[in-house]
Amino acid sequence: MATKLKKAGALTATLAMGAVIAGCAGGGPESEGGKITDDAIKLGVITDLSSVYSELAGPNAVEAVKMAVEDFKAEHGDDAVTQNIEVTEADHQNKPEIANTTAREMYDRDGVDAIFDVPTSSAALAVANIAKQNQKMYFNIGAATTELTGAQCNPYTYHYAYNTHMLAHGTGKTVTEQGSKSWYIIYPDYAFGQDMNKSFTEAIKESGGNVVKADATPFPNDNFATFMTKAPTLTPKPDVLGTMQAGDDLVNVVNQYNEFGLQDKGINLAVGLMFDTDIASIGVKKLEGTLYTTPWFWNLDDRSREWADRFKQRTGTRPTFDHAANYSATMQYLEAVQRTGTDDADAIRKELDGHSFDDFFARNAQFRAADHAVTHDAYLAKLAKVKKESEVKEDFDFTKAVKKIPAEEAYMDAADSGCDMG
Amino acid sequence: MSGLLQQLFNGLVSGSFYALLALGLSVIFGMLGVVNFAHGAFYMLGAFGAFVLLDSAGLNWWLALLVVPILLGVIGMVLERAFVHRLMHLFPLYNFLLTFGIALILQDLIRLKYGVTSQPYPRPTILDGMVDLGVFTYPKYQVFVLVLSIVLSVLVWLVLTRTRVGMIVRASTERAELTQSLGIDVRRWVTPVFGFGIALAGLAGVLAAPMRAVNSEMGADLIIVIFAVVVIGGLGSVVGSVAAGYIVGMLTEFGNFYIPALSQILVFVLMALVLLLRPAGLFGREEGSPA
Amino acid sequence: MLNVDNVTARYGEAQVLQGVSLGVDTGEVVTLVGRNGAGKTTLLRCLMGLHRAMTGDIEFDGRSVATLPPHKRCRIGLGYVPDDRGIFASLSVEENLTLPPVTGPEAWSLEQVYETFPVLAERRRQAGTHLSGGEQQMLAIARVLRMGARILLADEPTEGLAPLLVQQIGEIIRTVKAHGVTVLLIEQNVHFASTVADRHYLIAQGRVVESLDNAEVEQREHELLEYLGI
């Protein structure tokens with residue numbers, strides 16, 4: 001029912017927009033003819049609309065992009081480079097081959113100027129390749145791999161929001177420096193997990209810690225008892241269990257970490273990647289006191305809250321960092337088009353390279369020219385202690401920042417990234 | 001040594017879930033000749049049932065343990081009367097497709113209502129913490145799960161071997177037509193047996209709620225392993241499916257311990273070996289057994 | 001007691017029974033003799049309700065049973081022994097005996113069964129299929145006696161048994177008859193048939209072609225054997 005209403009709403013909005021455009025066509029401001037292809041800016045959102053990431057990204061990521069478009073049009077009014085901005089969406093089901101075809105269709109057939117989001121690293125890399133071939137803009141937000149700004153970087157791809165290096169150097173480094181020197185790492189046996197294991201191991205060693213053992217676990221997996229019983233028997237006994245699992249697997253790990261009472265056995269828990277949706281699934285109580293790294297959370301400060309309130313009015317839920325980053329990236333792109341007066345990809349990337357900005361999502365931010373990482377501050381966050389789950393009054397209202405990780409630390413030096421823009 | 005014992009225990013606990021699910025699947029297959037693909041979906045509904053009862057009615061886990069399986073059992077019986085029954089005289093593939101469809105519908109309904117992320121479910125307070133088993137300490141909750149599933153398996157076994165109802169179920173499982181020609185209305189028993197199998201799956205789901213991620217997909221991955229368990233134990237063999245459940249549990253657990261990357265394949269390797277060497281399964285009887 | 005009137009039946013496209021009519025009187029032992037594929041087993045399955053008769057009627061005790069499901073036919077006194085003896089492997093010998101409900105006042109008690117067939121008593125706890133072929137046949141017939149069935153429908157009880165065991169089955173059938181149970185049995189062994197039965201129906205291509213008494217069978221034994229291809 002709710003979805004039907006939402007769809008009906010979207011339809012009305014589209015119709016209304018169409019009417020406005022038709023009305024403007026005659027007497028609108030003289031557009032600088034030819035600079036905006038098809039007289040329209042077309043944005044494509046490729047995301048997971050139906051499966052595991054559809055709540056942390058998904059339909060609400062599309063909403064965030066639409067919200068940015070509306071805000072942009074409202075802000076610039078008649079001065080906007082065009083009022084004709086379209087948003088199309090597609091479900092890639094986290095599969096690289098579907099992402100590949102969809103991206104091709106969007107650029108070639110639909111004349112899309114920029115693609116956003118694309119969670120899942122393998123799918124993200126597939127789209128980067130298409131963006132490079134088509135010489136069209138691509139802002140990846142949902143994926144974590146540093147490859148996007150490393151060996152597989154290209155001039156048309158920017159990586160927004162976060163990456164495995166940020167997570168590892170936030171959580172891995174801090175936890176080690178706080179005294180948990182010995183780590184037992186478990187990671188899911190696929191690209192993301194292996195990448196996380198590598199980044200964490202580096203960060204831990206740099207901070208003077210050591211990894212006692214790193215075990216690849218089956219994926220997906222609902223039973224981690226083996227690893228929970230193994231942890232205390234390792235020599236030396238690890239101080240901390242680092243889990244690189246994501247989504248439902250992470251829920252299982254945390255549940256079973258709790259059940260096996262590893263905390264009482266002196267083994268802390270560090271989580272590699274955690275979205276607000278994961279925390280809600282596990283229950284804050286089981287996670288209380290857990291440290292993790294995040295590029296953003298909605299209750300960060302007034303600016304964030306103000307935006308999150310508007311997002312909630314629109315969607316009914318609080319945003320994840322993926323939603324916020326989709327909004328921010330869309331806005332940055334549209335502003336760049338406004339500044340240059342064209343949607344030509346080469347002009348846009350030249351405009352964006354080296355551009356510094358600061359918005360509700362990205363603080364101390366820069367479009368880094370060398371490797372196309374969009375760098376900004378991240379946060380080491382801690383989950384509130386609660387007596388009961390019911391103390392959490394609002395969606396995702398459980399995170400406190402304990403430390404700001406400045407952009408320079410959160411991202412690796414561009415020189416080390418292995419990126420060659422060519 | 002205690003490490004090994006502990007892994008053994010881990011295996012028994014995960015085997016408990018396999019055993020409960022395989023038991024229901026096996027009884028249903030034996031009696032109806034239906035491979036119930038929706039079994040995993042009912043396991044998922046069991047966990048969601050517990051979640052919904054707690055979330056909307058404040059009913060605790062212990063009540064859910066009682067209410068949810070009964071409720072699902074009734075739903076199972078209704079489904080059997082309304083759909084499965086009508087296809088029984090057709091080629092078995094029809095019912096396989098039917099139950100496959102039911103599984104997809106149930107999963108999507110839950111996803112529509114509750115989304116894709118997992119729902120939180122707390123452990124019952126009494127079962128919080130660890131219990132000292134002498135050689136090692138172990139989570140109370142998991143010990144409870146293990147004991148309950150063994151008790152249930154034994155109870156089912158006693159009912160099957162010591163009661164008249166059990167005798168009828170065994171006979172109809174082995175040869176439904178013959179049983180019918182011996183004066184027993186097999187059709188009357190089909191519906192309750194289907195409901196019973198579903199109730200067991202639901203019970204496994206309630207047991208899983210506090211320790212596994214509760215989401216619409218939780219049964220979908222499991223059902224494939226359960227099929228393998230039933231094949232290993234011998235289709236339609238009750239003792240076989242329970243024993244194979246625990247065997248597979250231990251196999252995956254030791255696999256996780258020694259060769260984590262391969263542990264999920266091990267069960268299918270075992271299945272292939274069993275099929276090659278003993279096609280009727282470890283506890284199954286060969287067709288037309290010798291006189 | 002049992003009247004079969006113009007029964008037809010198909011297996012897929014093939015018409016296996018082309019209109020069978022026959023009758024069995026109370027207390028009689030009657031055999032159905034015929035080649036493999038003549039339709040004898042199908043006829044017995046039709047009588048039991050396990051195979052659908054397309055047309056025709058089956059009367060038992062003056063009442064039409066053609067539309068009754070198998071378990072109801074059993075309950076009014078039909079006792080069935082299928083061609084593979086129908087012993088459950090997952091049931092013990094004793095369970096095999098007690099599985100069917102008691103359907104008539106003449107039902108044997110377990111003690112009576114064990115007294116008559118001591119070997120079953122010895123092996124009462126064993127799985128039904130652990131018995132030898134002859135013992136399984138004995139068990140199958142004993143099961144019908146324990147039900148108190150009024151007619152025994154047995155599908156070739158001597159098939160594959162050694163001569164000594166065949167004689168034993170003959171003894172059992174005489175015992176059955178002595179207890180007032182009517183018997184309709186399928187038999188290829190015409191010599192054996194003539195020693196246990198009162199009358200015989202010769203079945204060919206889904207029809208009753210001849211009704212014979214014992215004297216005729218003995219006279220024409222060679223002809224019949226040739227006809228049956230034995």
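The following conversation works through a predicted model of chains A, B and C, moving from the contacts between chains to details within each of them.

Trainee: What ipTM does the predictor give the complex?

Mentor: Since this is a predicted model, the scores are a sensible place to begin. For chain C the mean pLDDT is 92, and 100% of its residues reach 70 or more. For the complex the predictor reports a pTM of 0.81, together with an ipTM of 0.91.

Trainee: Between which chains are the most contacts found?

Mentor: Chain A and chain C do not touch, and their nearest C-alpha atoms are 35 Å apart. Two pairs of chains do touch. In the contact of chain C with chain B, 23 residues come from chain C and 16 residues from chain B, while 31 residues of chain A are in contact with 30 residues of chain B. Of the two pairs that touch, the one with the most contacts is chains A and B.

Trainee: Which element gives the most to the side of chain A that touches chain B?

Mentor: On that side of chain A, at least two residues each are supplied by strand 7 (210-217), helix 7 (225-230), helix 8 (247-259) and helix 9 (276-282). By residue class, the side divides into nine nonpolar, 14 polar and eight charged. With six residues, the element that gives the most is helix 8 of chain A.

Trainee: And on the side of chain C that touches chain B, which element has the largest share?

Mentor: Two elements of chain C give two or more residues to this side, namely helix 2 (70-75) and helix 6 (133-147). The residues here divide into 13 nonpolar, eight polar and two charged. The largest share is four residues, and the element that gives them is helix 2 of chain C.

Trainee: Which strands stand at the edges of the open sheet in chain C?

Mentor: The sheet has six strands in the order 6-7-8-3-9-10, with mixed pairing, and its neighbouring strands are turned by 20° against each other on average, direction ignored. An edge strand has a single partner, so one side of it is left without a neighbour in the sheet, and in chain C that applies to strand 6 (78-81) and strand 10 (207-213).

Trainee: Which residue takes a positive phi in the hairpin of strand 9 and strand 10 of chain C?

Mentor: Strand 9 (residues 199-204) pairs in the parallel sense with strand 3 (residues 29-34) over five bridges, and V30(C) stands opposite R199(C) there. Strand 9 and strand 10 of chain C, by contrast, run antiparallel and are joined by six bridges, with L202(C) having E210(C) as its bridge partner. Two residues lie between the strands of this hairpin, and the residue that takes a positive phi, near 45°, is Q205(C).

Trainee: At about what angle does helix 7 of chain C run to strand 8?

Mentor: Two helices that lie across strands of chain C can be described together. Helix 6 lies across strand 6 and strand 7 (151-155), running at about 170° to strand 6. Helix 7 (residues 163-178) lies across strand 3, strand 7 and strand 8 (182-186), and its angle to strand 8 is about 150°.

Trainee: At roughly what angle do the axes of helix 1 and helix 5 of chain B cross?

Mentor: Helix 1 (residues 2-32) passes helix 5 (residues 140-162) in a left-handed crossing. Among the residues that meet are L12(B), V13(B) and S16(B) from helix 1, and Q142(B), V145(B) and L146(B) from helix 5. The residues of this contact divide into nine nonpolar, four polar and no charged. The axes come within 9 Å, and the crossing angle is roughly 35°.

Trainee: How is the crossing of helix 2 with helix 11 of chain A handed, left or right?

Mentor: In this pair N60(A), E63(A) and M67(A) of helix 2 meet F311(A), R314(A) and T315(A) of helix 11, a contact that divides into two nonpolar, two polar and two charged residues. The axes come within 11 Å and cross at roughly 115°. The crossing is right-handed.

Trainee: Is Y160(A) buried or exposed?

Mentor: Y160(A) is placed in the loop between strand 5 (157-159) and helix 5 (164-177) of chain A. Leaving aside residues up to four places away in sequence, Y160(A) touches F139(A), N140(A), I141(A), A325(A), A329(A) and V374(A). A residue counts as buried at 20 or more other C-beta atoms within 10 Å, and because Y160(A) has 28, Y160(A) is buried.

How values were computed: Residues numbered from 1 in each chain as written. Chains lettered and ligands numbered in written order. Predicted model: local features only at pLDDT ≥ 70, side-chain atom pairs only at ≥ 80, totals over all residues. Contact = placed C-beta atoms within 7 Å. Nonpolar A, V, L, I, M, F, W, Y, C, P; charged D, E, K, R; others polar. pLDDT = per-residue confidence, 0-100. Pairing = 2+ DSSP bridges. Axes fitted to C-alpha atoms, helices over the stretch in contact; angles between N-to-C directions. Buried ≥ 20, exposed ≤ 12 C-beta atoms within 10 Å, placed from the backbone. Left-handed = near helix turned anticlockwise from the far one by under 90°.
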